[in-house]
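Colleague: Could you walk me through this model before I go back to the bench? I have some short questions about empty space, cysteines and strands.

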Amino acid sequence: MEGVLPLWFGEGTWPSPDHIVSSAQSALATGAHFYQPNSGNMALRGAVCAYTTALYGGPCPRERITVTASGMQGIALTAQALISPGDRVVTLQPAWPNIAEAFRISGAELDFVALEAKDGRWSLDMDRFLAALTPQTKAVLINSPHNPTGWAMPQSDLQLLLEHCRLHGIWIVSDDVYARLYRADTVAPSLVSIAALEDRVVSINSFSEAWSMTGWRLGWINAPAELGPVFAMLTEFNIAGPAGFVQAAGVTALSDGERDINDLKSKLASSYAVMVAALERIDGITFLQPDGAFYCFFRVDGMQGSLSTARHLLRHAKLGVAPGIAFGDAGEGFLRLCYAQPADRIEDAVDRLARGLPRAIQ
């Protein structure tokens with residue numbers, strides 16, 4: 001369709017930083033054309049370890065790091081490594097569906113615990129969540145900061161989760177892709193800062209969001225060293241590792257990319273302010289304040305179905321939004337907009353929303 005403003009994607013409008021692009025070009029020019037080690041080349045694995053230690057403290061042995069072709073591939077490899085058919089896995093809703101589906105494809109039986117809207121924010125009832133994590137549970141999946149709600153799990157709750165899962169031998173798989181896009185601090189609370197090296201904790205990260213590198217398809221897994229050979233084998237059977245010149249760009253991002261993250265967070269703060277002010281002008285919208293990421297996940301009064309509403313907005317207002325039902329049953333009644341956009345695009349998007357919603361919910 002011509003003229004569509006597509007804000008359904010979890011992707012900013014800003015290109016990758018020039019110095020990251022230049023490092024990939026230089027690597028190509030100097031011969032980075034060949035296969036890489038399955039676990040990632042030593043330079044990038046070392047850079048991930050140095051970055052992790054600087055950010056969270058504590059040791060990060062290189063044996064813990066597996067380089068992946070995106071955070072999504074890291075999730076899929078983890079599911080393949082941990083799950084046998086029939087294993088019970090618990091996760092949250094609403095949620096980006098790809099995480100749970102990767103585990104379902106590997107044979108997991110999924111149970112869901114819903115986030116709740118409370119006092120203008122999203123929250124998780126930890127008593128209910130921990131009660132769902134029984135000794136029969138193989139793994140629990142979390143994503144914090146969270147897509148689509150922007151909720152982040154507090155450090156105290158992460159500690160409770162870790163202790164509970166230690167007691168019952170449950171693996172924790174944490175999607176930390178939005179860790180740096182945390183509104184209150186440099187980095188979101190994380191299991192990486194409190195877990196011991198032997199804990200059954202797998203942290204998955206990506207260069208896509210914080211460094212504006214969505215199209216590069218590069219990420220990493222930080223997991224107990226015992227899983228390293230398993231991930232190396234699975235990588236061999238998947239893609240045999242990301243390209244060397246892409247990994248060179250990753251080294252530059254980690255070693256010289258803090259200013260890029262800070263610049264992006266400044267842009268997002270401005271965009272968020274514009275988005276909230278614009279949404280507040282539309283009657284019937286309830287917006288819960290996010291802790292991080294770059295989404296507005298908002299309820300629409302009187303909406304009969306989020307998918308039909310999203311289709312109507314696409315056809316009649318040329319606005320692309322993600323329907324809440326895409327994030328599970330707990331997401332019904334909501335729509336998601338990605339606000340990682342310049343102010344003029346946000347104003348245009350909300351104008352289209354204001355024009356299209358009244359007819360969409362009739």
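Colleague: Which residues line the largest cavity?

Modeller: Bearing in mind that this is a predicted model, the lining of the largest cavity is made up of Tyr51, Thr52, Tyr56, Asp176, Val192, Ser203, Asn205, Trp220 and Asn222. The elements that contribute two or more residues to this lining are α2 (42-56), β9 (201-206) and β10 (219-222), and α2 gives the largest share, with three residues.

Colleague: How much space is in there, and what is the lining like by class?

Modeller: The largest cavity holds about 50 Å³ of space, and its lining divides by class into four nonpolar, four polar and one charged residues.

Colleague: How many cavities of 30 Å³ or more are there?

Modeller: The count comes to two cavities of 30 Å³ or more. The second largest cavity contains about 30 Å³ of space, and its lining consists of Ile142, Ser144, Leu158, Ser174, Asp176, Pro189, Ser190 and Leu191. Asp176 is thus listed for this lining and is also listed for the lining of the largest cavity.

Colleague: And the classes for that second one?

Modeller: For the second largest cavity, the lining has four nonpolar residues, three polar ones and one charged one.

Colleague: Switching topic, how many disulfides does the model have?

Modeller: The count of disulfides is zero. Cys296 takes part in none, and the nearest cysteine sulfur to its own, which belongs to Cys338, is 9.1 Å away.

Colleague: Why is there no bond for Cys338?

Modeller: Cys338 has no bond because its sulfur lies 9.1 Å from the closest cysteine sulfur, that of Cys296, which is too far; a disulfide would need the two sulfur atoms within 2.5 Å.

Colleague: Are those two cysteines buried or exposed?

Modeller: Cys296 counts as buried because its relative accessibility is 0%, and Cys338 is likewise buried, with a relative accessible area of 0%.

Colleague: What about the strands, then: how is the sheet with β12 and β15 ordered?

Modeller: That sheet is an open one of four strands, in the order β11-β12-β15-β14, and the pairing is antiparallel. At its edges are β11 (285-287) and β14 (322-323), each of which pairs on one side only.

Colleague: How many bridges join β12 to β15?

Modeller: Strand β12, residues 295-300, is joined by five bridges to strand β15, residues 334-338, and the two run antiparallel.

Colleague: Which residue in β15 stands opposite Phe297?

Modeller: Opposite Phe297 is Arg336, in β15.

Conventions:
Residues numbered from 1 in each chain as written. Predicted model: local features only at pLDDT ≥ 70, side-chain atom pairs only at ≥ 80, totals over all residues. Heavy atoms only, no water. 1 Å grid on protein atoms, 1.4 Å probe; cavity = no way out; pocket = protein on both sides within 12 Å on 5 of 7 lines; lining within 4 Å. Points joined across faces, edges and corners; volume = space filled by probe spheres on them. Nonpolar A, V, L, I, M, F, W, Y, C, P; charged D, E, K, R; others polar. Buried < 20%, exposed > 50% of the residue type's maximum accessible area, 1.4 Å probe, protein only. Pairing = 2+ DSSP bridges.
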